[in-house]
Amino acid sequence: MTDTSALPNLPATTRCDQTVAWQALHTHFAAQGRDFDARQALTQDAGRVEAFRQTAPYISADLSKNRIDAQTEQLLLELAEQSGLAAWRDAMFAGLPINNTEQRQVLHVALRSQALAQECAWGAAIDVEEVRQTRAAMLAYAERVRADDSITDIVNIGIGGSDLGPQMAVLALEAYRHPGKRLHFVSNIDGHELAGVLAGLKPQNTLFLVASKTFTTIETMTNARSARAWFEAEGGTDVARHFAALTTNVKAAAEFGITTTFGFWDWVGGRYSLWSSIGLPIAIAIGAEHFDAFLGGAAAMDEHFRTAPLAQNLPVRLGLLDVWYRNFHGYTSRCVAPYHQGLRRLPAYLQQLEMESNGKRVDRQGQALPIGTSPVVWGEPGTNGQHAFFQMLHQGTDVVPVEFIVTREAAHTLPGHHAKLLANAIAQAQAFLQGQQGADGARDFPGNRPSTFLVLERLDPASLGALIALYEHRVFTSGALWGINSFDQFGVELGKVLAKDIEPRLASGDVQGLDASTAALVRQLQG
Ligand code: F6P
């Protein structure tokens with residue numbers, strides 16, 4: 001663990017609801033914000049599209065269909081300034097232990113840029129050379145696996161941050177995948193998942209990656225043990241060659257019998273760990289050079305977040321919009337609609353990133369928050385979502401801001417598809433905005449339903465890296481304004497502890513001390 005005792009103090013926390021700007025925003029919301037009509041604003045203000053277009057590395061965003069105007073943004077920027085956003089951002093980049101409840105630094109950004117790592121103060125607090133060597137060793141191993149024709153199937157066993165990020169990225173970068181390598185991801189303790197994957201595999205052609213920051217997670221350990229038992233039962237030999245571990249707990253991996261281990265550090269949060277050794281499946285799929293480009297895209301977004309003025313800073317503008325919608329308009333969810341099949345796991349990845357980071361009900365001091373925090377983040381790729389839940393988005397009683405993500409270029413050559421896909425994305429955003437008067441209420445579309453439109457040139461390693469980093473910093477922004485620690489996750493613990501108590505009860509039938517409902521379920525499912 002890094003010794004953080006010598007580091008300077010954290011910035012003072014000023015929760016956004018305790019600032020002057022917060023009051024001003026309430027006044028503004030009551031006067032204009034609540035009834036703001038983006039349609040009218042687009043008609044009346046010729047400069048609106050330009051004013052609400054924001055470019056950042058690899059990504060351009062059109063925010064003009066949102067329920068904001070120049071005054072809203074100005075007040076939100078004042079809110080950011082009065083809440084100390086820049087100080088907290090700089091504290092992260094300086095390597096201060098901003099994960100205050102666990103006394104940890106938050107330095108996933110240090111994994112993406114050697115130059116930045118040396119330039120900033122964290123160089124003194126973390127071992128930059130060790131980080132470089134670990135990455136080099138991980139990438140060299142990835143290249144060896146890629147060159148080894150006998151390994152055709154790679155099974156990543158991990159859950160949460162040790163699964164969602166690598167899986168999402170491998171799917172997104174399918175066009176760059178080594179054609180001789182199939183990547184599988186097993187996360188669930190539900191044996192149907194592992195059994196289904198193992199059914200198609202041969203031990204001598206399979207590499208298992210056991211990915212777990214802690215190397216204690218029950219799902220991952222159970223799946224890893226079952227995978228090893230299968231490997232041995234099917235005549236597999238040489239566990240050392242066919243199993244590798246990705247973990248901060250090198251000792252536990254060794255005890256498990258894995259000798260090939262790639263480490264990382266406690267200053268990399270699980271949901272921010274795909275840039276570390278946890279990214280090995282990505283590196284095997286796309287190769288070291290493309291993995292470096294992936295890190296480079298994220299580093300470019302880091303630089304943008306670190307240096308662009310708040311008013312022209314895309315993660316900041318998006319994070320402020322999130323606060324505006326959550327705390328003033330009272331919207332409780334946000335829909336992510338990637339119009340790219342490769343991004344089909346992005347909504348699931350973002351659920352962990354945002355909801356595990358900002359799903360908190362107390363501030364850094366442990367005080368109950370009088371305001372809402374993380375929205376529910378959900379979504380499906382377009383155009384599939386259009387034929388499922390878009391009905392509710394167009395005509396339901398709740399307003400749900402929608403986020404479109406498109407790429408100008410496609411990676412396939414099938415004629416006609418991409419233009420139709422893009423036309424649908426543009427048309428849906430247009431329909432949310434414009435609405436339509438129908439012959440009767442059932443055919444009415446109210447319109448003025450907010451959306452944001454993100455455009456990438458193409459889905460390649462660098463732009464994907466930038467996109468993920470954009471979301472990371474956006475979540476950082478809203479978390480900093482809410483005055484919460486976005487980097488712990490104590491809320492996942494209680495259920496884990498109780499599951500350990502329930503499991504033996506399912507065998508014994510002992511329901512003593514349980515509430516009546518839980519006891520009834522144990523009795524029903526016992527056996
Ligand atoms: O239970 C939640 C969590 O701790 C996540 O934060 C984490 O990404 C996941 O479990 C997996 O943890 P590990 O990588 O230690 O197995």
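The following exercises, with worked solutions, concern a predicted model.

**Exercise 1. Packing of H5 and H20**

Determine how helix H5 is oriented relative to helix H20, and identify the residues that form the contact.

Solution.
Step 1. Helix H5 spans residues 85–93 and helix H20 spans residues 461–482. Their axes lie 9 Å apart and meet at an angle of about 125°.
Step 2. Angles of 65 to 115 degrees count as roughly perpendicular and those over 145 as roughly antiparallel. The angle between H5 and H20 therefore makes the pair oblique.
Step 3. H5 contributes Leu85, Trp88, Arg89, Met92 and Phe93 to the contact, while H20 contributes His473, Phe476, Thr477, Ala480 and Leu481.
Step 4. An α-helix has 3.6 residues a turn, so residues three or four places apart point the same way.
Step 5. The crossing of H5 past H20 is right-handed.

**Exercise 2. Packing of H8 and H15**

Classify the arrangement of helices H8 and H15 from their interaxial angle.

Solution.
Step 1. Helix H8 comprises residues 128–147, and helix H15 comprises residues 288–307.
Step 2. The two axes are 9 Å apart, at an angle of about 140°.
Step 3. Roughly antiparallel requires an angle over 145 degrees; H8 and H15 are therefore oblique to each other.
Step 4. On the H8 side the contact involves Arg135, Met138, Leu139 and Glu143, which meet Ala288, Phe291, Asp292 and Leu295 of H15.

**Exercise 3. The setting of Ser212**

Establish whether Ser212 is buried or exposed, and describe the surroundings of its side chain.

Solution.
Step 1. Ser212 belongs to the loop that joins strand S5 (206–211) to helix H11 (218–233).
Step 2. The relative accessibility of Ser212 is 2%. Because buried means under 20%, Ser212 is buried.
Step 3. The side chain of Ser212 comes to 2.8 Å from the backbone nitrogen of Phe215.
Step 4. Beyond four places in sequence, Ser212 has contacts with Ser162, Thr217, Thr220, Leu246, Thr247, Thr248 and Ile278.

**Exercise 4. Two buried helical residues**

For Asp322 and Leu77, give the helix, the accessibility and the contacts distant in sequence.

Solution.
Step 1. Asp322 sits in helix H16 (residues 314–329), and Leu77 sits in helix H4 (residues 70–82).
Step 2. Asp322 has a relative accessible area of 8% and is buried; Leu77, at 11%, is also buried.
Step 3. With residues up to four places away excluded, Asp322 touches Arg334, Glu354 and Arg474. Under the corresponding exclusion, Leu77 is in contact with Leu310, Ala311 and Leu320.

**Exercise 5. Backbone features**

Locate the positive phi values of Tyr58 and Asp238, and the cis peptide bond that leads to Thr383.

Solution.
Step 1. Tyr58, which is not a glycine, has a positive phi near 70°. Tyr58 occupies the loop between strand S1 (53–56) and strand S2 (59–62), and at 43% relative accessibility it is partly exposed.
Step 2. Asp238, also not a glycine, has a positive phi of about 70°. Its loop runs between H11 and helix H12 (239–242), and its 42% relative accessibility makes it partly exposed.
Step 3. The peptide bond from Gly382 to Thr383 is cis, with omega near 5°. Thr383 is in the loop between strand S9 (376–379) and helix H18 (390–395).

**Exercise 6. The two ends of H22**

Describe what precedes and what follows helix H22.

Solution.
Step 1. Helix H22 covers residues 516–525. At its start, a side-chain oxygen of Asp515 lies within 3.1 Å of the backbone nitrogen of Ser517.
Step 2. After H22 comes Gly527, with a positive phi near 135°.

Technical notes. Residues are numbered from 1 along each chain as its sequence is written. This is a predicted model: local features need pLDDT of at least 70, side-chain atom pairs count only at pLDDT 80 or more; totals for chains, interfaces and linings use all residues. Side-chain values use heavy atoms; hydrogens and water are left out. A polar contact is a pair of N or O atoms within 3.5 Å; within protein, one must be able to donate a hydrogen and the other to accept it, and residues adjacent in sequence count only if both atoms are side-chain atoms. Helices (H or I, at least four residues) and strands (E, at least two) are DSSP runs, numbered from the N terminus. Buried means under 20% relative accessible area, exposed over 50%, partly exposed in between (1.4 Å probe, protein chains only). Contact means heavy atoms within 4.5 Å. Axes are lines fitted to C-alpha atoms, for helices over the stretch in contact, and angles run from 0 to 180 degrees between N-to-C directions. Angles under 35 degrees count as roughly parallel, over 145 as roughly antiparallel, 65 to 115 as roughly perpendicular and the rest as oblique. A crossing is left-handed if the near helix is turned anticlockwise from the far one by less than a right angle, and right-handed if clockwise.
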